[in-house]
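This briefing goes through one protein chain and its ligand, topic by topic. Please keep the sequence and the structure open alongside it.

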Amino acid sequence: MAEALLTAESVSRVFTTGAGDVRALTDVSMEVTAGELVVVRGPSGSGKTTLLNLLGGLDRPTGGRVLLGDGRELSSLPEKDVLEVRRTRIGYVFQSFGLIPVLSAAENVEVPLRLLEVDPAEREERVAAALELVGLADHVHQRPYELSGGQQQRVGIARALVAEPEVLLADEPTGQLDSRTAATIMELLQELTRARGLAAVVSTHDPVLIQRADSVLTLKDGHPAA
Ligand SMILES: Nc1ncnc2c1ncn2[C@@H]1O[C@H](COP(=O)(O)OP(=O)(O)OP(=O)(O)O)[C@@H](O)[C@H]1O
(Lines give C-alpha, C1' and ligand atoms only; values in the text may rest on other atoms or scores of the structure.)
Protein backbone atom coordinates (compact mmCIF):
# COMPACT_ATOMS: atom_id res chain seq x y z
CA MET A 1 0.00 0.00 0.00
CA ALA A 2 1.18 3.54 -0.75
CA GLU A 3 2.71 5.39 2.15
CA ALA A 4 0.75 8.31 3.54
CA LEU A 5 2.58 11.64 3.23
CA LEU A 6 0.30 13.22 5.82
CA THR A 7 -1.87 11.53 8.43
CA ALA A 8 -4.30 12.91 10.99
CA GLU A 9 -4.88 10.50 13.86
CA SER A 10 -8.00 11.27 15.88
CA VAL A 11 -7.36 15.00 15.84
CA SER A 12 -9.49 17.35 17.87
CA ARG A 13 -9.35 21.11 18.28
CA VAL A 14 -11.10 22.94 21.07
CA PHE A 15 -10.91 26.75 21.05
CA THR A 16 -11.18 28.37 24.43
CA THR A 17 -13.04 31.65 24.19
CA GLY A 18 -14.51 34.14 26.65
CA ALA A 19 -17.91 32.67 25.87
CA GLY A 20 -16.79 29.10 26.63
CA ASP A 21 -15.17 26.24 24.74
CA VAL A 22 -15.81 25.76 21.02
CA ARG A 23 -15.33 22.18 19.82
CA ALA A 24 -14.32 22.93 16.24
CA LEU A 25 -13.09 19.43 15.43
CA THR A 26 -13.63 16.13 17.24
CA ASP A 27 -11.79 12.86 16.57
CA VAL A 28 -11.08 13.24 12.88
CA SER A 29 -8.77 10.75 11.18
CA MET A 30 -7.59 10.81 7.58
CA GLU A 31 -4.53 10.23 5.42
CA VAL A 32 -3.34 11.27 2.02
CA THR A 33 -0.81 9.49 -0.21
CA ALA A 34 1.30 10.66 -3.17
CA GLY A 35 -0.82 11.37 -6.24
CA GLU A 36 -4.05 11.38 -4.23
CA LEU A 37 -6.55 14.24 -3.99
CA VAL A 38 -8.69 14.22 -0.86
CA VAL A 39 -11.61 16.62 -0.73
CA VAL A 40 -12.85 17.82 2.66
CA ARG A 41 -16.42 18.97 2.43
CA GLY A 42 -19.06 20.15 4.83
CA PRO A 43 -21.24 23.18 5.52
CA SER A 44 -19.92 26.48 6.81
CA GLY A 45 -18.56 26.08 10.33
CA SER A 46 -18.12 22.29 10.05
CA GLY A 47 -14.37 22.47 10.74
CA LYS A 48 -12.76 22.35 7.27
CA THR A 49 -10.39 25.29 7.79
CA THR A 50 -9.57 24.08 11.29
CA LEU A 51 -8.57 20.67 9.88
CA LEU A 52 -6.48 22.13 7.05
CA ASN A 53 -4.69 24.43 9.50
CA LEU A 54 -3.79 21.41 11.66
CA LEU A 55 -2.61 19.41 8.62
CA GLY A 56 -0.48 22.32 7.47
CA GLY A 57 1.19 23.05 10.79
CA LEU A 58 -0.50 26.46 11.04
CA ASP A 59 -2.21 25.37 14.26
CA ARG A 60 -1.82 22.50 16.74
CA PRO A 61 -4.50 20.01 17.79
CA THR A 62 -5.72 19.86 21.38
CA GLY A 63 -6.07 16.07 20.95
CA GLY A 64 -4.64 13.46 18.59
CA ARG A 65 -1.68 14.01 16.24
CA VAL A 66 -0.61 14.88 12.72
CA LEU A 67 2.17 12.74 11.22
CA LEU A 68 4.46 13.50 8.29
CA GLY A 69 5.51 10.93 5.67
CA ASP A 70 8.87 10.47 7.42
CA GLY A 71 7.09 9.52 10.65
CA ARG A 72 7.75 12.77 12.50
CA GLU A 73 4.87 14.18 14.48
CA LEU A 74 4.19 17.61 12.98
CA SER A 75 1.84 18.48 15.80
CA SER A 76 4.59 18.24 18.43
CA LEU A 77 7.65 19.50 16.55
CA PRO A 78 9.35 22.65 17.85
CA GLU A 79 8.18 25.81 16.08
CA LYS A 80 11.40 26.22 14.08
CA ASP A 81 11.05 22.68 12.64
CA VAL A 82 7.37 23.32 11.83
CA LEU A 83 8.47 26.44 9.93
CA GLU A 84 11.01 24.41 7.98
CA VAL A 85 8.34 21.79 7.12
CA ARG A 86 5.96 24.55 6.03
CA ARG A 87 8.54 26.13 3.75
CA THR A 88 9.88 22.96 2.15
CA ARG A 89 7.23 20.26 2.22
CA ILE A 90 3.85 21.92 2.08
CA GLY A 91 2.31 24.25 -0.50
CA TYR A 92 -0.72 26.36 0.47
CA VAL A 93 -3.46 27.73 -1.76
CA PHE A 94 -5.94 30.23 -0.31
CA GLN A 95 -9.52 31.16 -1.13
CA SER A 96 -8.62 34.84 -1.50
CA PHE A 97 -5.43 34.01 -3.49
CA GLY A 98 -3.17 35.81 -0.99
CA LEU A 99 -1.12 37.58 -3.65
CA ILE A 100 0.91 40.70 -2.92
CA PRO A 101 -0.72 43.48 -5.00
CA VAL A 102 2.43 45.47 -5.79
CA LEU A 103 4.32 42.44 -7.11
CA SER A 104 4.01 40.92 -10.59
CA ALA A 105 2.84 37.33 -11.08
CA ALA A 106 6.48 36.19 -11.36
CA GLU A 107 7.55 38.14 -8.25
CA ASN A 108 4.67 36.65 -6.25
CA VAL A 109 5.68 33.13 -7.29
CA GLU A 110 9.29 33.92 -6.40
CA VAL A 111 8.54 34.75 -2.74
CA PRO A 112 8.88 31.18 -1.35
CA LEU A 113 12.21 30.73 -3.16
CA ARG A 114 13.55 33.98 -1.69
CA LEU A 115 12.61 32.69 1.78
CA LEU A 116 14.59 29.54 1.00
CA GLU A 117 17.52 31.67 -0.25
CA VAL A 118 17.61 29.97 -3.64
CA ASP A 119 20.08 31.78 -5.90
CA PRO A 120 18.66 34.29 -8.43
CA ALA A 121 19.38 32.34 -11.64
CA GLU A 122 17.71 29.22 -10.30
CA ARG A 123 14.81 31.30 -8.94
CA GLU A 124 14.18 32.74 -12.37
CA GLU A 125 14.17 29.31 -13.98
CA ARG A 126 11.87 27.75 -11.40
CA VAL A 127 9.42 30.67 -11.43
CA ALA A 128 9.16 30.48 -15.23
CA ALA A 129 8.58 26.71 -15.05
CA ALA A 130 5.90 27.07 -12.34
CA LEU A 131 4.02 29.75 -14.29
CA GLU A 132 4.24 27.64 -17.44
CA LEU A 133 2.82 24.69 -15.51
CA VAL A 134 -0.34 26.63 -14.65
CA GLY A 135 -0.70 28.07 -18.15
CA LEU A 136 0.45 31.61 -17.36
CA ALA A 137 3.70 31.83 -19.33
CA ASP A 138 2.33 34.89 -21.14
CA HIS A 139 1.35 36.78 -17.99
CA VAL A 140 4.52 36.81 -15.92
CA HIS A 141 4.83 40.59 -15.67
CA GLN A 142 1.20 41.37 -14.86
CA ARG A 143 0.15 42.43 -11.38
CA PRO A 144 -2.74 40.66 -9.65
CA TYR A 145 -5.25 43.44 -10.49
CA GLU A 146 -4.44 42.95 -14.17
CA LEU A 147 -5.42 39.28 -13.99
CA SER A 148 -8.81 37.55 -13.80
CA GLY A 149 -9.80 35.70 -10.62
CA GLY A 150 -9.00 32.35 -12.24
CA GLN A 151 -5.60 33.63 -13.39
CA GLN A 152 -4.87 34.99 -9.91
CA GLN A 153 -5.61 31.60 -8.44
CA ARG A 154 -3.29 30.01 -11.02
CA VAL A 155 -0.55 32.35 -9.74
CA GLY A 156 -1.46 31.18 -6.22
CA ILE A 157 -1.07 27.56 -7.31
CA ALA A 158 2.26 28.27 -9.05
CA ARG A 159 3.49 29.94 -5.85
CA ALA A 160 2.37 26.93 -3.79
CA LEU A 161 4.26 24.52 -6.04
CA VAL A 162 7.44 26.45 -6.86
CA ALA A 163 9.37 25.05 -3.89
CA GLU A 164 8.36 21.52 -4.99
CA PRO A 165 6.45 20.47 -1.89
CA GLU A 166 5.14 16.94 -1.44
CA VAL A 167 1.86 18.10 0.07
CA LEU A 168 -0.61 20.65 -1.34
CA LEU A 169 -3.28 22.13 0.92
CA ALA A 170 -6.02 24.27 -0.60
CA ASP A 171 -8.73 25.82 1.57
CA GLU A 172 -11.78 26.64 -0.58
CA PRO A 173 -9.54 27.50 -3.55
CA THR A 174 -12.56 28.08 -5.78
CA GLY A 175 -14.68 29.97 -3.23
CA GLN A 176 -14.29 33.33 -5.01
CA LEU A 177 -14.63 32.05 -8.56
CA ASP A 178 -17.62 31.60 -10.86
CA SER A 179 -18.64 27.99 -11.40
CA ARG A 180 -16.98 27.54 -14.79
CA THR A 181 -13.64 28.97 -13.63
CA ALA A 182 -13.94 26.96 -10.42
CA ALA A 183 -14.26 23.76 -12.47
CA THR A 184 -11.09 24.55 -14.48
CA ILE A 185 -9.11 25.33 -11.32
CA MET A 186 -10.25 22.08 -9.72
CA GLU A 187 -9.31 20.19 -12.89
CA LEU A 188 -5.86 21.82 -12.78
CA LEU A 189 -5.42 20.81 -9.14
CA GLN A 190 -6.36 17.24 -10.01
CA GLU A 191 -3.96 17.13 -12.99
CA LEU A 192 -1.07 18.57 -10.97
CA THR A 193 -1.72 16.17 -8.10
CA ARG A 194 -1.44 13.21 -10.47
CA ALA A 195 1.40 14.52 -12.64
CA ARG A 196 3.60 15.60 -9.74
CA GLY A 197 2.68 12.89 -7.26
CA LEU A 198 1.41 15.42 -4.74
CA ALA A 199 -0.59 14.53 -1.68
CA ALA A 200 -3.40 17.09 -2.01
CA VAL A 201 -6.12 18.07 0.44
CA VAL A 202 -8.72 20.51 -0.86
CA SER A 203 -11.72 21.85 1.03
CA THR A 204 -14.85 22.91 -0.80
CA HIS A 205 -18.56 23.54 -0.38
CA ASP A 206 -19.21 22.79 -4.02
CA PRO A 207 -20.70 19.35 -4.81
CA VAL A 208 -19.65 19.59 -8.49
CA LEU A 209 -15.98 19.86 -7.56
CA ILE A 210 -16.16 16.76 -5.41
CA GLN A 211 -16.18 14.69 -8.60
CA ARG A 212 -12.45 15.41 -8.90
CA ALA A 213 -11.68 13.72 -5.58
CA ASP A 214 -10.02 10.35 -5.11
CA SER A 215 -11.54 10.28 -1.67
CA VAL A 216 -13.93 12.52 0.25
CA LEU A 217 -14.04 13.37 3.94
CA THR A 218 -17.34 14.88 5.03
CA LEU A 219 -17.46 16.95 8.21
CA LYS A 220 -20.52 17.90 10.18
CA ASP A 221 -20.25 20.03 13.31
CA GLY A 222 -16.58 19.06 13.52
CA HIS A 223 -17.26 15.32 13.34
CA PRO A 224 -16.62 12.95 10.45
CA ALA A 225 -20.00 12.21 8.80
CA ALA A 226 -21.18 9.69 6.24
N1 LIG B 1 -9.92 30.90 16.49
C2 LIG B 1 -11.15 30.46 16.78
N3 LIG B 1 -11.70 30.73 17.98
C4 LIG B 1 -12.93 30.27 18.30
N5 LIG B 1 -13.71 29.53 17.49
C6 LIG B 1 -13.20 29.23 16.27
C7 LIG B 1 -11.91 29.68 15.85
N8 LIG B 1 -11.69 29.22 14.60
C9 LIG B 1 -12.79 28.52 14.23
N10 LIG B 1 -13.69 28.52 15.25
C11 LIG B 1 -15.01 27.85 15.24
O12 LIG B 1 -14.80 26.49 14.88
C13 LIG B 1 -15.85 26.02 14.04
C14 LIG B 1 -15.27 25.51 12.74
O15 LIG B 1 -14.76 26.60 11.98
P16 LIG B 1 -14.02 26.42 10.58
O17 LIG B 1 -13.56 27.77 10.16
O18 LIG B 1 -13.01 25.35 10.69
O19 LIG B 1 -15.22 25.92 9.63
P20 LIG B 1 -15.30 25.80 8.05
O21 LIG B 1 -15.95 24.49 7.77
O22 LIG B 1 -13.95 26.04 7.47
O23 LIG B 1 -16.28 26.99 7.67
P24 LIG B 1 -16.36 27.89 6.31
O25 LIG B 1 -16.81 26.92 5.24
O26 LIG B 1 -17.38 28.92 6.64
O27 LIG B 1 -14.99 28.45 6.07
C28 LIG B 1 -16.81 27.18 13.88
O29 LIG B 1 -17.83 27.03 14.83
C30 LIG B 1 -15.95 28.39 14.18
O31 LIG B 1 -16.72 29.45 14.67
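Among contacts in the protein chain between residues at least 6 apart in sequence, those joining residues at least 24 apart make up 73%. The model is a predicted one. Its chain holds six helices and nine strands, and its radius of gyration is 17 Å, close to the 17 Å from the globule rule for 226 residues, so the chain is as compact as a globular protein of that length.

**Overall dimensions and burial**

- Taken along the principal axes, the C-alpha atoms of the protein chain fill a box of roughly 50 × 45 × 40 Å.
- Of the 226 residues in the chain, 40% count as buried.

**Annotation and domains**

- The unreviewed UniProt entry carries the annotation "domain: ABC transporter", which covers residues 6-226.
- Within residues 6-226, helix accounts for 33% and strand for 29%, and the end C-alpha atoms of the span lie 22 Å apart.
- The domain assignment splits the chain into domain 1, made of 1-89 + 167-175 + 195-226, and domain 2, which is 97-164.
- The contact between these domains takes four residues from domain 1 and six residues from domain 2.
- On the side of domain 1 that touches domain 2, two residues are nonpolar, one is polar and one is charged.
- The centres of domain 1 and domain 2, taken over C-alpha atoms, are separated by 25 Å.

**Ligand surroundings**

- Which residues surround the ligand? They are Phe15, Thr17, Val22, Ala24, Gly42, Ser44, Gly45, Ser46, Gly47, Lys48, Thr49 and Thr50.
- Two or more residues of this shell come from each of β1 (4-17), β2 (20-33) and α1 (48-55).
- Helix α1 gives the most to the shell, with three residues.
- Sorted by class, the shell has eight polar, three nonpolar and one charged residues.

**Leu198, a buried loop position**

- Leu198 sits in the loop between α6 (179-196) and β7 (199-204).
- Leu198 counts as buried because 24 other C-beta atoms lie within 10 Å, where the cut-off for buried is 20 or more.
- Neighbours within four places in sequence aside, the contacts of Leu198 are Glu166, Val167, Leu168, Leu192 and Thr193.
- Leu198 and Ala34 are 164 residues apart in sequence, yet their C-alpha atoms are 5.0 Å apart in space.

**Positive phi angles**

- Most residues other than glycine have a negative phi.
- Ser10, which is not a glycine, has a positive phi of about 50°.
- Ser10 has its place in strand β1, and it counts as exposed because it has 12 C-beta neighbours inside 10 Å.
- Glu172 also has a positive phi, near 50°, in a residue other than glycine.
- Is Glu172 buried or exposed? Glu172 has 20 C-beta neighbours inside 10 Å and therefore counts as buried.
- The location of Glu172 is the loop between β6 (167-171) and α6.

**Exposed positions and their spacing to remote residues**

- Ser179 belongs to helix α6 and, with 10 C-beta neighbours inside 10 Å, counts as exposed.
- Ser179 and Leu209 are 30 residues apart along the chain, and their C-alpha atoms are separated by 9.4 Å.
- Where is Val208 found? Val208 is in the loop between β7 and β8 (215-220).
- Val208 has 12 C-beta neighbours inside 10 Å, so it counts as exposed.
- The C-alpha atoms of Val208 and Ser44 are separated by 17 Å, with the two positions 164 residues apart along the chain; Ser44 is one of the residues surrounding the ligand.
- Asp70 occupies the loop between β4 (63-68) and α2 (79-88).
- With 10 C-beta neighbours inside 10 Å, Asp70 counts as exposed.
- Asp70 and Leu5 lie 65 residues apart in sequence and 7.6 Å apart in space, C-alpha to C-alpha.

Key
Residues are numbered from 1 along each chain as its sequence is written. This is a predicted model: local features need pLDDT of at least 70, side-chain atom pairs count only at pLDDT 80 or more; totals for chains, interfaces and linings use all residues. UniProt positions are given in the numbering used here, feature names are shortened, and annotations may be inferred rather than shown by experiment. Helices (H or I, at least four residues) and strands (E, at least two) are DSSP runs, numbered from the N terminus. Domain bounds come from an automatic or database domain assignment. Two residues are in contact if their C-beta atoms, placed from the backbone, lie within 7 Å. Ala, Val, Leu, Ile, Met, Phe, Trp, Tyr, Cys and Pro count as nonpolar, Asp, Glu, Lys and Arg as charged, and the others, Gly among them, as polar. A residue is near a molecule or strand if its C-beta atom, placed from the backbone, lies within 6 Å of it. The radius of gyration is taken over C-alpha atoms; the globule rule is 2.2 Å times the number of residues to the power 0.38.
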